[in-house]
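User: Please go through this model with me. I want short answers with the cut-offs spelled out.

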Amino acid sequence: MTELNVITDTANVSPEALASMGEGHIAYVKQIRSEDVPNLFPQAPHIAPGLKLFTLHAADGTPIMLTDSREAAIANAWSNELEALSVH
């Protein structure tokens, strides 16, 4: 397992620096509403409004996958050798 440096004062760290720290090693899982899908995944087919979905993103914010299960997003991260973190 890779050891990561922990930053406690993020006020002085740029968003670009934070994103590059986990590049290729860290991904994050975020809960979204189905209404947000077209913004993140323009190629996705229409999804009924009002659904709770989960996205897996690279550390730099690039969307990787969309699923209806948090567990599936985490499993996809693990299968791609990424450490999955949750974003609230």
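The questions below deal with the core, one helix and one loop residue.

Analyst: This is a predicted model, where local features need pLDDT of at least 70, side-chain atom pairs count only at pLDDT 80 or more, and totals for chains, interfaces and linings use all residues. Residues are numbered from 1 along each chain as its sequence is written, and side-chain values use heavy atoms, with hydrogens and water left out.

User: Which element gives the most to the largest nonpolar core?

Analyst: A nonpolar core is a set of buried Ala, Val, Leu, Ile, Met, Phe, Trp, Tyr and Cys residues joined through side-chain atoms within 4.5 Å. Buried means under 20% relative accessible area, exposed over 50%, partly exposed in between (1.4 Å probe, protein chains only). β1 (26-33), β2 (52-58) and α3 (70-79) each supply at least two residues of this core; helices (H or I, at least four residues) and strands (E, at least two) are DSSP runs, numbered from the N terminus. The top contributor, with three residues, is α3.

User: Within what arc do the buried residues of α3 fall?

Analyst: The buried residues of α3 are Ala-73, Ile-74 and Ala-77. The arc is that of the directions from the helix axis to the C-beta atoms. These residues line one face of the helix, because their arc is 95°.

User: Is Ala-44 buried or partly exposed?

Analyst: Ala-44 sits in the loop between α2 (37-40) and β2. Its relative accessible area is 25%, so Ala-44 is partly exposed.
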